[in-house]
Amino acid sequence: MPEPLGQPTPRSTPSPAARGAPDPRRRIAAAYPGGAGLYARLRFLIIRENILAPMDALLPARGRILEVGCGFGLFAGYFAARGEGREVLGVDRDARRISLASRMSEALGLPARFAVSDVRALPQAERFDGAYALDVLHHVPAEHHLGVLRDVRDRLAPGATLLVKEIATAPRLGLAFTWALDRVMAPQDQLSYRSPEDWLALLAEAGFRASARRIRDVLPYPHVLIECVRE
Ligand SMILES: C[S@@+](CC[C@H](N)C(=O)[O-])C[C@H]1O[C@@H](n2cnc3c(N)ncnc32)[C@H](O)[C@@H]1O
């Protein structure tokens with residue numbers, strides 16, 4: 001269950017669950033071939049209702065949404081399918097993952113498209129109604145965090161929402177568990193975790209009003225969801 005660390009922004013849009021929107025996870029995972037399909041199933045077991053439901057409720061139900069570092073695109077597909085008129089653009093530096101994401105989206109006819117891009121050089125001249133980064137920023141070297149957040153802010157209208165799902169630095173055991181898995185999955189990355197307080201300070205510097213909530217889990221991941229409003 002989410003455990004508030006700050007004041008969330010009040011919202012008027014009913015959540016997709018409240019609207020009775022169907023859950024697309026199974027058909028999204030089934031749309032990937034071989035190992036990517038297995039990865040998608042596992043990822044949907046790790047990033048579950050306790051994280052997806054608040055994110056789904058906080059993202060705008062319609063409009064253009066940017067996913068920063070979308071990987072195989074399963075969550076871009078998920079949030080696109082759950083909206084009432086969302087168009088999601090997912091960007092990632094990994095061309096193979098982007099190709100698989102595009103094929104999944106085309107096969108299912110989802111309003112999600114994908115582009116190869118480093119998050120430190122986002123596509124120019126695109127504007128969005130909302131954005132999110134799910135377990136990505138700690139894969140980006142810390143010295144680039146502020147620049148990436150400012151770039152995302154510049155692509156959002158005042159009042160628009162950015163969601164940052166991250167891994168907190170406490171409890172230490174949870175961080176060590178996540179670090180070990182990240183080391184196996186992305187051995188080349190310079191891992192840059194931050195405490196929620198550190199993220200909040202950085203987000204304020206980047207031009208966001210932000211609040212963080214811990215999300216409890218049966219696995220020892222120290223999940224934190226940061227809701228940011230573009231000033
Ligand atoms: C843990 S995966 C998360 C992917 C997806 N958001 C998810 O939750 O399944 C981290 C992703 O960040 C991407 N990534 C890391 N650094 C990046 C950068 N500088 N530019 C673009 N993508 C990056 C990796 O390619 C990888 O797909």
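Colour the chain by secondary structure to begin: nine helices and eight strands make up the chain. The model is a predicted one, with a mean pLDDT of 92 for the chain and 91% of its residues at 70 or more. Next, select residues 1-12, where pLDDT stays under 50. For this segment the model has 25 contacts beyond four places in sequence.

**Overall dimensions**

Display the C-alpha trace. Along its principal axes the trace spans about 40 × 40 × 35 Å. The radius of gyration is 16 Å, which agrees with the value near 17 Å for a compact globule of 231 residues. Buried residues account for 41% of the chain. Among contacts between residues at least 6 apart in sequence, 71% join residues at least 24 apart.

**The nonpolar core**

Now select Ala-131, Leu-162, Leu-203 and Ile-226. These residues have the most contacts inside the largest nonpolar core, a set of 64 residues. Helix 5, residues 74-82, supplies the largest share of this core, with seven residues. As a general background, nonpolar side chains in soluble globular proteins tend to be buried together.

Centre the view on Leu-162. Which residues is Leu-162 in contact with, leaving aside its neighbours within four places in sequence? They are Ala-131, Tyr-132, Val-152, Leu-156, Phe-208, Cys-228 and Arg-230.

From there, move to one of these partners, Leu-156, in strand 6, residues 156-167. Is Leu-156 buried or exposed? Leu-156 counts as buried because 21 C-beta neighbours lie inside 10 Å, and the threshold for burial is 20 or more. Beyond four places in sequence, Leu-156 touches Phe-128, Ala-131, Leu-162 and Arg-230. A distance label between the C-alpha atoms of Leu-156 and Phe-128 should read 5.3 Å, although the two residues are 28 apart along the chain.

**The ligand shell**

Turn to the ligand and show the 17 residues that surround it. The closest are Gly-69, Gly-71, Arg-93, Val-119 and His-139. Coloured by class, the shell has eight charged, six nonpolar and three polar residues.

Then select Cys-70, in the loop between strand 2, residues 62-68, and helix 5. Cys-70 counts as buried, because it has 28 C-beta neighbours inside 10 Å. Not counting residues up to four places away in sequence, Cys-70 touches Phe-75, Ala-76, Gly-90, Val-91, Asp-92, Ala-101 and Phe-114. For a further long-range pair, label Cys-70 and Ala-115: they are 45 residues apart in sequence, and their C-alpha atoms are 9.6 Å apart.

At the other side of strand 2, select Ala-61, which is placed in the loop between helix 4, residues 49-58, and strand 2. Ala-61 counts as partly exposed because it has 19 C-beta neighbours inside 10 Å, whereas burial requires 20 or more. The C-alpha atoms of Ala-61 and Asp-129 are 9.9 Å apart, with their positions 68 residues apart in sequence numbering.

**Backbone geometry**

Two local features deserve a stop. In general, most residues other than glycine have a negative phi, and most peptide bonds are trans.

Select Asp-135 for the first of them. Asp-135 is not a glycine, yet its phi is positive, at about 55°. The residue is found in the loop between strand 5, residues 128-134, and helix 7, residues 145-154. Asp-135 is buried, with 21 other C-beta atoms within 10 Å.

For the second, select Ala-170 and Pro-171. Is the peptide bond between them cis or trans? The bond from Ala-170 to Pro-171 is cis, with omega near 0°. Pro-171 is in the loop between strand 6 and helix 8, residues 172-185.

**A last stop on helix 7**

Finally, select Asp-151, which is found in helix 7. With 16 other C-beta atoms within 10 Å, Asp-151 is partly exposed. A C-alpha to C-alpha label from Asp-151 to Pro-123 gives 9.9 Å, for two residues 28 apart in sequence.

Key. Residues numbered from 1 in each chain as written. Predicted model: local features only at pLDDT ≥ 70, side-chain atom pairs only at ≥ 80, totals over all residues. Near = placed C-beta within 6 Å. Nonpolar A, V, L, I, M, F, W, Y, C, P; charged D, E, K, R; others polar. Core = buried A, V, L, I, M, F, W, Y, C linked by C-beta atoms within 7 Å. Buried ≥ 20, exposed ≤ 12 C-beta atoms within 10 Å, placed from the backbone. Helix = DSSP H or I, 4+ residues; strand = E, 2+ residues; numbered from the N terminus. Contact = placed C-beta atoms within 7 Å. Rg over C-alpha atoms; globule rule 2.2 N^0.38 Å. pLDDT = per-residue confidence, 0-100.
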